[in-house]
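Visitor: I am new to this structure and should like to learn how its features are read. May we begin with the terms for its elements?

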Amino acid sequence: MSPAMARVRTLEQAAAWVDRVGLALLFPKADVVLPSLWEQVNGSREENWATRDADGKFVGWTKEMGFLWGAKDDLPARGLACVGKHAARVVACVAPRLVPTLVAAAEPSEPDGVERSVVEAVREEGPLTGPQLRGTLGVEKQEVDKAVAALHRRLLLTNSHLVQEGGAAWGAIAHDLLARKWPLPRRLASQEEARRALARVVLDSAGELTAADIGGALGWRRKEAAAVLDEIAESRDEDGFRVWVRP
């Protein structure tokens, strides 16, 4: 195992790794170039998440999965890493130092409909779980879940902490305003500057990538991604594709 893949065993090690790479997925996702915390905990991308008996019946989580399942909630709760559906449409881990850059690089938008109601409820009441939002707003689960996911992608909400709700077998994550959970500087970088910085982060992790790769990780259009990559790295043609290489 290379030094880059040294196993993560503690919450502090997980936070240090996230800080080092800047942006990562919680679990690997096919065709997304971002590294994952799961790989650092498990030592590989292998999906050995559960232990099963001779008949294949679920017995429990593996030690690695048990650690990561708790870490995903403890990292934001303790202010060690920003965690939410902020990249590649799945749960990602963001180094606190990179949160302002991620926000500055995003397209500004104003929520409406259920999304606006969710934001207003969280702003007034503080961090709220999905069940709490449904009770407060009188809205069905599917609509609340859809709105929360969209607000994570738009960097308006983020994970706050785990709430153990009465009688439930599993806790529920509370969602907070991202700008309240992770206070932003009064003055953010320009979108152009922030996108160059984010592209460098992704390129540093991947070593080389295409415009589609960075688009899949950050949700940018390929033309926009290519323009940003042209500003920070040299490219080569490979099998009909342009590939940008880490300097």
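Guide: Helices (H or I, at least four residues) and strands (E, at least two) are runs assigned by DSSP, and they are numbered from the N terminus. This is a predicted model, in which local features need pLDDT of at least 70, side-chain atom pairs count only at pLDDT 80 or more, and totals for chains, interfaces and linings use all residues. Residues are numbered from 1 along each chain as its sequence is written, and side-chain values use heavy atoms, with hydrogens and water left out.

Visitor: Where is Leu155 placed, in terms of these elements?

Guide: Leu155 is in the loop between H7 and E6.

Visitor: What should one know about phi when reading such a residue?

Guide: Most residues other than glycine have a negative phi. Leu155, although not a glycine, has a positive phi of about 60°. Ala88 also is not a glycine and has a positive phi, of about 55°. Ala88 belongs to the loop between E4 and E5.

Visitor: Is Leu155 buried or exposed?

Guide: Buried means under 20% relative accessible area, exposed means over 50%, and partly exposed lies in between (1.4 Å probe, protein chains only). Leu155 has a relative accessible area of 9%, so it counts as buried. Ala88 is buried because its relative accessible area is 8%.

Visitor: How is a pocket to be read?

Guide: Rolling a probe the size of a water molecule over the atoms shows where empty space is left. On a 1 Å grid over the protein atoms alone, a cavity is a set of points where a 1.4 Å probe fits but cannot get out, whereas a pocket is an open set with protein on both sides within 12 Å along at least five of seven lines; lining residues have an atom within 4 Å of a point. Grid points are joined across faces, edges and corners, and a volume is the space filled by probe spheres set on the points.

In this model the largest pocket holds about 770 Å³ of space. Its lining has 30 residues, and those closest to the centre are Trp69, Lys72, Val91, Asn159 and Ile173. Among the elements that give two or more residues to this lining are helix H3 (63–77), helix H7 (141–153) and strand E6 (157–163). H7 provides the largest share, six residues.

Visitor: Which classes of residue line the largest pocket?

Guide: Ala, Val, Leu, Ile, Met, Phe, Trp, Tyr, Cys and Pro count as nonpolar, Asp, Glu, Lys and Arg as charged, and the others, Gly among them, as polar. The lining of the largest pocket has 16 nonpolar, seven polar and seven charged residues.

Visitor: How much space lies in the second largest pocket?

Guide: The second largest pocket has about 540 Å³. Its lining comprises 23 residues, and Ala106, Arg153, Leu218, Gly219 and Trp220 lie nearest its centre. Here the largest share, four residues, comes from H10. By class, this second lining has 11 nonpolar, five polar and seven charged residues.

Visitor: How does one recognise a salt bridge?

Guide: Side chains of opposite charge can pair when their charged atoms come close. The criterion is a side-chain nitrogen of Lys or Arg within 4 Å of a carboxyl oxygen of Asp or Glu. The whole structure contains 15 salt bridges.

One of them joins the side chains of Arg154 and Glu115 (2.2 Å, N to O). Arg154 lies in the loop between H7 and E6 and Glu115 in helix H5 (residues 113–125), so this pair ties together parts that are 39 residues apart in sequence. Arg154 is partly exposed, at 27% relative accessibility, whereas Glu115 is buried, at 17%.

Visitor: Which residues share partners in a network of salt bridges?

Guide: Consider first the salt bridge between Glu224 and Arg195 (3.6 Å, N to O). Glu224 lies in helix H11 (residues 222–232) and Arg195 in helix H9, so the pair ties together parts that are 29 residues apart in sequence. Salt bridges with shared partners join Glu107, Arg195, Arg221 and Glu224 into one network.

Visitor: What does the salt bridge of Asp176 look like?

Guide: The side chain of Asp176 meets that of Arg180 (2.7 Å, N to O). Asp176 is buried, with 6% relative accessibility, while Arg180 is partly exposed, with a relative accessible area of 35%.
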